[in-house]
Amino acid sequence: MNQDESKMVAEDDLLDLFRPRRTDPEGFDEAVQRKIEKRQSSREQQPTARWQRAAATALPFSPSSSKGVGWILSLPFLMLIGSVLAFTSGVRAAGRRKPTAKRPGDAKAGSAIETLLHFGPFLIIVAPWLFGITVTIDVLMGLLIVAMLAFTLQVRGSGMAPSEVGRIGMSLLSTAFIACFLWSFTFGPLAADSDIGLGASAGVILLGIAGSGILLWTYGGRSVLSVAGLTMTAVWLAFIATALNPLGLSATDPDDLAADVANFAADPGKLSGWEDIAATIETLDGIGASRPDLSRMRDAIATAVSDRKIKVHPVVWTAAARIGLLTDAQWRDLVSRPGNAREVEQLIDRDGELYMIDYDEYEVWMLCATQELTPALRDHLAARIEATWPDPATPRALSEMLLCVHLFDRIGREDLVDAHRDDIHAAMRRQWVAEHSGFACSVGGFTSDPEEFATSFEDSTWAAVSLMTRVGVPADIDLRLVRAYLRQESRMALAGIGRRLTQLERATLVRVEREIGLPQRTIAQRVLGERVLIATSLLVLLCWISVVLAARAQVLRSIES
């Protein structure tokens, strides 16, 4: 042994030396998990700072969580009663035959309150951070009650002419519309507990403005509202209704989805639209609707198979496979191509997780169409799909789980989907966006990575809803809030120009409403769910009735005099 060798340390001695410093694999994984949970917990607690919790404690509880008659003390019920009382008070004030002693500041106070209503959109924007998304709709209720108060203060005890009352009512309804509904679909509350939707309330108040214009014309004539003014009002209402779509109109009927498929420009050389079309057809199948004629799409795919000069994206082949556009003969033609034959061989020869499953899912379909699916091959593919199954805590877990579910179905191992029910539910709970956490946050849908993006995405929401149709909805996910998000994202803008851009959201909404279905509610919960529509209707009726009562009082005063 030379001198250099005598200075060397044996490997066993080195292992013994560094063993105390070696990281324990199990302990390391547990520490990482604790850190993730701690960070998630801190993010969940962030919206409930001290001042937010103090505000929340002042708000009565929600009727959806109340037992017995506890809903009577809930904030929605109190707001509904408040709107009825404000309406009754306003009608009584407007129905007095003779002018009463009017406090000097009433009219000015009413006008000032109406002016403050212009800040309503700002209040609706910040309300989710102050009180939570479920309470924001009652903030809107508060604005409607304040609007009734402003109207009552301006007209009570004054003995106004009906035309003047109509002018005040028309002005106030316009202000209330801008404050509560004009931007509600962009920044506003999600009416999760309303089956009719917030758009109906916007429609009622637009109808109220139109009706007030007619009453103003009837009782005031051209001296109050000219033909040009009446025409401009009609044009303004038509523009608002079509361009901004505050009514929340969306093409979510099965016939609308079928029309989307029929009008699809099926070009296999272009990636755009194929995934959405596959999702739309899957939705039609899920709800039991008839498929539209797919012959044009079949012909386009057949041309792409026979003409190898057409460059087809793997996602297009996958979409075509899912909706059954390829025949066995066409699959054999595809697998004969050198690259595809090699990929199929690797699916059989290799073990472990599948590579780029989001791009190359069609290769499994190609294998199953061109090879005999023996029990051994089926088990081999199932093992590879199992190895690909993502951990619920990984980014895009829901989307990758849905891809795996498609493959389990293709090889006839649907039982393995049910075996992963707990994993899927865990990923749903983790990726669900239940509260506002930023200015651009969309609540109610699902995100791809809650650690990075606290906002909803349409593809993640589609994946979650599609998985719900297979394994059910976790008890702690509010399906009505999911529906509210999809309603908001599905509405058409600019008179239907944006219909193509909302195709996936509309298909997802149809699956929620027609395939999964929403939980049943009591009559009281249904009534409270439509409290905004009720309050809006009462506000419109108050403005209309006040004009009629003012006209009647004017006639009675003229008779008595």
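**Figure 1. Thr447 and its backbone partners in a predicted model.** In this predicted model, a polar atom of the Thr447 side chain lies 2.6 Å from the backbone oxygen of Phe453. The backbone oxygen of Thr455 is another partner, at 3.1 Å from a polar atom of that Thr447 side chain. To find the residue, look in the loop between H24 and H25. Is Thr447 buried or exposed? With a relative accessible area of 1%, Thr447 is buried, because anything under 20% counts as buried.

**Figure 2. Ser456, a serine with contacts to Ser442 and Gly445.** Here we stay in the loop between helix H24 (421-431) and helix H25 (458-471), where Ser456 has its place. Which backbone atom does the side chain of Ser456 reach at 2.6 Å? That atom is the backbone oxygen of Ser442. A polar atom of the Ser456 side chain also lies 2.9 Å from the backbone nitrogen of Gly445. Ser456 counts as buried, at 7% relative accessibility.

**Figure 3. Arg511 and its two acidic partners, Glu282 and Glu515.** Let us begin with a general idea: side chains of opposite charge can pair when their charged atoms come close. Arg511 forms a salt bridge with Glu282, and the closest N and O atoms of this pair are 3.3 Å apart. This pair links distant parts of the chain, with Glu282 in helix H14 and Arg511 in helix H27 (residues 503-516), 229 residues apart. Arg511 also forms a salt bridge with Glu515, with the closest N and O atoms 2.8 Å apart. Glu515 and Arg511 are separated by about one helical turn, because they are four residues apart in helix H27. How do the three residues sit relative to the surface? Arg511 is buried, with a relative accessible area of 4%. Glu282 counts as partly exposed at 24% relative accessibility, and Glu515 is partly exposed with a relative accessible area of 27%.

**Figure 4. More salt bridges, as a pair and as a network.** How many salt bridges does a search of the whole structure find? The search finds 20. One of these views shows Arg413 and Asp415, whose side chains meet in a salt bridge at 3.0 Å, N to O. Asp415 is partly exposed, with a relative accessible area of 43%. Another view turns to a network of salt bridges, in which Asp195, Arg480, Arg483 and Arg521 are linked.

**Figure 5. A negative surface patch that includes Glu275.** Four residues form this negative patch on the surface: Glu275, Asp358, Glu458 and Asp459. Glu275 makes a handy starting point for the eye, and its place is in helix H14 (residues 274-286). With a relative accessible area of 52%, Glu275 is exposed, because the exposed class covers values over 50%.

**Figure 6. A nonpolar surface patch with two tyrosines and a methionine.** Which residues form the nonpolar patch on the surface? They are Tyr355, Met356 and Tyr359, and together they have about 340 Å² of accessible area. Tyr359 lies in helix H19 (residues 357-360). With a relative accessible area of 35%, Tyr359 is partly exposed.

**Figure 7. Arg396 and its positive phi.** Most residues other than glycine have a negative phi. Arg396 is not a glycine, yet it has a positive phi of about 60 degrees. Where is the place of Arg396? Look in the loop between helix H21 (375-388) and helix H22 (397-410). Arg396 counts as partly exposed, at 35% relative accessibility.

**Figure 8. Arg298 and Thr327, two residues compared in sequence and in space.** Along the sequence, Arg298 and Thr327 are 29 residues apart. In space, their C-alpha atoms are 9.5 Å apart. Arg298 is found in helix H15 (residues 295-306). Is this arginine's surface buried or exposed, or something in between? Arg298 is partly exposed, with a relative accessible area of 36%.

Conventions: Residues are numbered from 1 along each chain as its sequence is written. This is a predicted model: local features need pLDDT of at least 70, side-chain atom pairs count only at pLDDT 80 or more; totals for chains, interfaces and linings use all residues. Side-chain values use heavy atoms; hydrogens and water are left out. Buried means under 20% relative accessible area, exposed over 50%, partly exposed in between (1.4 Å probe, protein chains only). Patches are made of residues with over 30% relative accessible area and no salt bridge: like charges are joined within 9 Å, nonpolar side chains (Val, Leu, Ile, Met, Phe, Trp, Tyr) within 5 Å. Accessible areas come from the Shrake-Rupley method with a 1.4 Å probe; for residues, only the protein chains shown count as cover. Lys and Arg count as positive and Asp and Glu as negative; His and the chain ends are not counted. The place of a charge is taken as NZ of Lys, CZ of Arg, CG of Asp or CD of Glu. A polar contact is a pair of N or O atoms within 3.5 Å; within protein, one must be able to donate a hydrogen and the other to accept it, and residues adjacent in sequence count only if both atoms are side-chain atoms.
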